[in-house]
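Opening my notebook on this one. I want to go through a few single residues, then the ligand, then the cores.

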Amino acid sequence: MRIPNPAVDGQLKGKVALVTGAASGIGRASALIFAQAGAAVVALDRAAEVEDTVAAIRKDNGRAVALCKDSSHEENIADAIDTAVREFGALDVCFANAGISGGLVPLHEQTPEHWLEVLTINLIGTFLAVKHAARVMAPRKRGSIICTASVAGLRSGAGGSPYSASKAGVISLVQTTADQLAGSGVRINAICPGLIETGMTKPIFDQARARGTDNKIGQLNPLRRAGAPIEIARTALFLASDASSYVNGQALAVDGGLSSSHPIVPPRIP
Ligand code: NAD
């Protein structure tokens with residue numbers, strides 16, 4: 001039995017949401033909170049665990065459909081959007097969130113194939129979700145599209161070159177799409193997470209715990225900690241709901257303040 005939460009319950013009542021990358025981390029937390037907020041959810045991921053996300057939603061009496069598909073193929077994304085309309089009657093929210101890190105490969109070892117893989121999933125996959133969500137949202141004159149970018153898309157130091165370029169591309173995609181959708185009633189925004197403990201960052205956390213240095217994780221941001229997927233999911237809920245009705249074309253950093261500061265040497269506090 002879930003404890004009632006007025007900040008969540010009913011915020012997306014009667015709405016329909018697509019979430020990509022919904023099997024794990026930020027996408028899974030977002031699919032769950034969207035459903036708690038009253039939305040019917042189409043959960044897409046190439047990993048089979050997307051079925052677990054949908055099972056958890058249904059166990060809580062929510063409505064959800066799982067699609068085990070690759071989000072970087074246009075026919076899969078077009079089908080996911082059409083599934084939302086067919087199964088639940090419309091699409092109000094599209095959270096284009098699926099992504100890969102691509103690892104940290106030294107510049108001289110990076111190949112066009114490596115760049116292409118990261119850009120295809122992180123940027124072109126996001127573009128496809130934006131394109132097909134807008135296709136069904138614009139005629140209804142409403143909808144909210146949310147894309148997961150990253151602080152890595154704002155400046156260097158938070159990921160490899162292709163990853164960072166892909167996320168800078170997502171921010172640009174959001175800005176140019178807000179312009180393209182002018183007058184349509186459809187909003188689009190990006191979330192730029194800082195370091196969040198998810199499947200993608202598990203190796204960082206596992207290694208730090210093994211070394212006993214996990215208390216050092218997140219020390220570069222003013223909150224001095226890493227974030228949790230639910231903290232990004234709550235931001236996605238805000239952007240998905242009418243509470244953000246005048247927020248459009250923005251890249252919102254949710255990073256404990258990491259991107260707000262130049263690098264500093266912390267003062268010694270006696
Ligand atoms: P995660 O690995 O836990 O989840 C990502 C999900 O996306 C996985 O379930 C994976 O299977 C899915 N996915 C990847 N490629 C796919 C594809 N082609 N088709 C369908 N599904 C695909 O990691 P996460 O941290 O929750 O990642 C979510 C988003 O957040 C990503 O876009 C990531 O770049 C971004 N992000 C994460 C962090 C962080 O610190 N974790 C920081 C900034 C941005």
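Is Lys-141 buried or exposed? I looked it up, keeping in mind that this is a predicted model. Lys-141 comes out at 54% relative accessibility, so I put it down as exposed, the cut-off being over 50%. I find Lys-141 in the loop between helix 4 and strand 5 (143–148). Its backbone caught my eye too: Lys-141 has a positive phi of about 65° and is not a glycine.

**Entry: another positive phi**

I noted Asn-61 for its phi, which is positive at about 70° although the residue is not a glycine. Asn-61 sits in the loop between helix 2 (50–59) and strand 3. With a relative accessible area of 73%, Asn-61 is exposed.

**Entry: the ligand**

Which residues come closest to the ligand? I get Ser-24, Asp-45, Asn-97, Tyr-163 and Thr-198, out of 29 residues that surround it. Then I went through the polar pairs. The side chain of Ser-24 puts an N or O atom 2.5 Å from a ligand oxygen. For Thr-198, a polar side-chain atom is 2.6 Å from an oxygen atom of the ligand. Asn-97 uses its backbone instead, with a polar atom there 2.8 Å from a ligand oxygen.

How much of the ligand does the protein bury? Taken alone, the ligand exposes 820 Å², and the protein buries 93% of that. I also checked which elements give two or more residues to the shell, and they are helix 1 (25–36) and helix 5 (161–180). Sorted by class, the shell holds 12 nonpolar, 12 polar and 5 charged residues.

**Entry: the cores**

The largest nonpolar core has 35 residues. Inside it, the residues with the most contacts are Leu-18, Leu-91, Cys-94, Ile-145 and Cys-147. I asked which element gives this core its largest share, and it is helix 4 (residues 112–137), with 7 residues. There is also a second, separate core of 33 residues, and I wrote down Ile-26, Ala-39, Ile-57 and Ala-64 as being among them.

I went back to Leu-91 for its contact list, leaving out residues up to four places away in sequence. Leu-91 touches Val-16, Ala-17, Leu-18, Ile-81, Ala-84 and Val-85, and also Ala-133, Val-136, Met-137 and Arg-140.

**Entry: His-114**

I stayed with helix 4 for one more residue, since His-114 lies in it and I wanted its exposure. His-114 has 15% relative accessibility, which is under 20%, so it counts as buried. Apart from neighbours within four places in sequence, His-114 is in contact with Gly-102, Val-105 and Pro-162.

**Entry: Leu-67**

Where is Leu-67? I find it in strand 3 (residues 64–68). Leu-67 is buried because its relative accessible area is 11% and the cut-off is under 20%. Setting aside neighbours within four places in sequence, I list its contacts as Val-42, Ala-43, Leu-44, Asp-45, Val-50, Ala-80 and Thr-83. Asp-45 is a name I had already written down, among the residues closest to the ligand. I also took one long span: Leu-67 and Asp-255 are 188 residues apart in sequence, and their C-alpha atoms are 30 Å apart.

**Entry: Ser-244**

What does the side chain of Ser-244 reach? One partner is the backbone oxygen of Phe-238, at 2.8 Å. Another is the backbone oxygen of Ser-241, which lies 3.0 Å from a polar atom of the Ser-244 side chain. Ser-244 is in the loop between helix 7 (229–240) and strand 7. Its relative accessibility is 0%, so I marked Ser-244 as buried. Not counting residues up to four places away in sequence, Ser-244 touches Arg-187, Phe-238 and Leu-239.

**Entry: Gly-256**

Last stop, Gly-256, in the segment after strand 7 (251–254). Gly-256 is partly exposed, at 28% relative accessibility. Leaving out residues up to four places away in sequence, I see Gly-256 touching Asn-221, Pro-222 and Leu-223. How far is Gly-256 from Ser-245? They are 11 residues apart along the chain, and 24 Å separates their C-alpha atoms.

Conventions
Residues numbered from 1 in each chain as written. Predicted model: local features only at pLDDT ≥ 70, side-chain atom pairs only at ≥ 80, totals over all residues. Heavy atoms only, no water. Near = heavy atom within 4 Å. Polar contact = N/O pair within 3.5 Å; in protein donor to acceptor, adjacent residues only side chain to side chain. Areas by Shrake-Rupley, 256 points an atom, 1.4 Å probe, with all protein chains shown as cover. Helix = DSSP H or I, 4+ residues; strand = E, 2+ residues; numbered from the N terminus. Nonpolar A, V, L, I, M, F, W, Y, C, P; charged D, E, K, R; others polar. Core = buried A, V, L, I, M, F, W, Y, C linked by side-chain atoms within 4.5 Å. Buried < 20%, exposed > 50% of the residue type's maximum accessible area, 1.4 Å probe, protein only. Contact = heavy atoms within 4.5 Å.
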